[in-house]
Amino acid sequence: MLENSGSHVMPHTFELALPGPIDMPASVERFRRWGDDLLDRWDGQTFVRVTYADGVALPYACTVIGTTEAPRGRVMVREPAEAPAVERAIRGMWGMASPGSLEQLAARDPAIARLNERFPGMRPIVHADGFSALVRSISAQQVNLTWAATTRRRLAERLGQRHTIGQYAVYTLAPARLAAAAVSDLRAMQFTTRKAEYLIGLASHMVDGSLDLATLAASDDEEVVARLCTVRGLGRWTAEWYLARTLSRPVVVAGDLGVRKAVGLVYDAGPLPDEGQVRALTAHWGAAAGLAQELVLYALAMHAAAAK
């Protein structure tokens, strides 16, 4: 159990069946692989997140009760009226913007076919909140992901909003509260001065409207990259992860260290191919790029775990 919130409000529960295959536990494992940041939570049985409807935060908990071929979840919400929005969020979180594209890719790529057979139903997870997704990326710049999760947890605890659902708790971050923070506040959480400036600057852009994430969903990939890169601290690496994991675009984040290692492992291209090599090796992924990228990253994680 992630956390006992002490809440005595009786939540509403319902069961939700999803079209398989989806390996729900494997797909959400990255919520805790490098530590619990309190923003997206998974304890091995239940994932706890927040979605939004008309600007209102809706926390929910989903306990996995199905199989990869017949994925099901027991979902907990605060009240029945929230169930439709939460159901839409859960159905849309698996990063399958192009159903069937992975199977088409596997038919012409033996390496992806092997991974898809070994890890069936491994899916990318879509971030529900664009602001938190950008905070996540900034926190992960030039540090190991365990330390990034640690600093995000401190940020959530000190500047986030806590939501409870039954016996669970989860946090969200609001731009206004972060924009009002001082660099010294974030330095106390052991963010570097530069990252503190980046985070506060990002939040300030959100507050004053100079960065409107709602408009990005209707923009093409290069427009999204160009717009995000106008914000200090956001570069192509962050923008491409935003495209891949928030907007569900078929984008390979070829400059990412983990992606480079994973592609090198899967295609026997050396321990760390450069960005150009990665782009060349994955150019044929096409509409399945997001799905294939998650598969090779999961293969890298399993390879690293087996080597310990």
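This is a short talk on one sheet, one buried residue and two helix pairs in a predicted model.

Okay, some ground rules. The model is predicted, so local features need pLDDT of at least 70 and side-chain atom pairs count only at pLDDT 80 or more, while totals for chains, interfaces and linings use all residues. Residues are numbered from 1 along each chain as its sequence is written, and side-chain values use heavy atoms, with hydrogens and water left out.

Let's start with the sheet. It's an open one with five strands, in the order E1-E5-E4-E3-E2, and the pairing is antiparallel. The E and H names are DSSP runs numbered from the N terminus, with at least two residues for a strand (E) and at least four for a helix (H or I). Two strands count as paired if DSSP finds at least two bridges between them.

So which strands stand at the edges? Those are E1 (12–17) and E2 (41–42); each has a single partner strand, so one side of each is left without a neighbour in the sheet.

Now walk along from E2. Two bridges join E2 to E3, and the two run antiparallel. Here Trp42 stands opposite Phe47 in E3. The two strands make a hairpin with three residues between them, and Gly44 in that turn has a positive phi of about 100°.

Next door, E3 (residues 46–53) is joined to E4 (residues 56–64) by eight bridges, again antiparallel. Phe47 shows up here too, opposite Cys62 in E4, and Val50 has Pro59 as its bridge partner in E4. This is another hairpin, with two residues between the strands, and Asp54 in the turn has a positive phi of about 55°.

Is E3 mostly covered or mostly open? Mostly covered: six of its eight residues are buried. Buried means under 20% relative accessible area, exposed is over 50%, and partly exposed is in between, using a 1.4 Å probe and protein chains only.

There's also a helix here: H2 (residues 83–91) lies across E1, E3, E4 and E5 (72–77), running at about 35° to E1. Axes are lines fitted to C-alpha atoms, for helices over the stretch in contact, and angles between N-to-C directions run from 0 to 180 degrees.

On to Ile165, which sits in strand E6 (residues 161–165). At 1% relative accessibility, Ile165 counts as buried. Leaving out residues up to four places away in sequence, Ile165 touches Pro11, Val48, Pro59, Tyr60, Ala61, Met76, Val77 and Arg78. Contact means heavy atoms within 4.5 Å.

Last part: helix H12 (residues 236–245). Helix H11 (residues 221–228) packs with H12 at an angle of about 135°, with the axes 9 Å apart. H11 and H12 are therefore oblique to each other; under 35 degrees would be roughly parallel, over 145 roughly antiparallel, 65 to 115 roughly perpendicular, and the rest is oblique.

Who meets whom? Asp221, Glu222, Val224, Val225 and Leu228 in H11 meet Arg236, Ala239, Tyr242 and Leu243 in H12. By class, that contact has six nonpolar, no polar and three charged residues. Ala, Val, Leu, Ile, Met, Phe, Trp, Tyr, Cys and Pro count as nonpolar, Asp, Glu, Lys and Arg as charged, and the others, Gly among them, as polar.

H5 (residues 130–139) meets H12 as well: their axes come within 10 Å and cross at roughly 140°. Gly130, Ala133, Leu134 and Ser137 in H5 meet Trp237, Thr238, Trp241 and Tyr242 in H12. This contact has five nonpolar, three polar and no charged residues.
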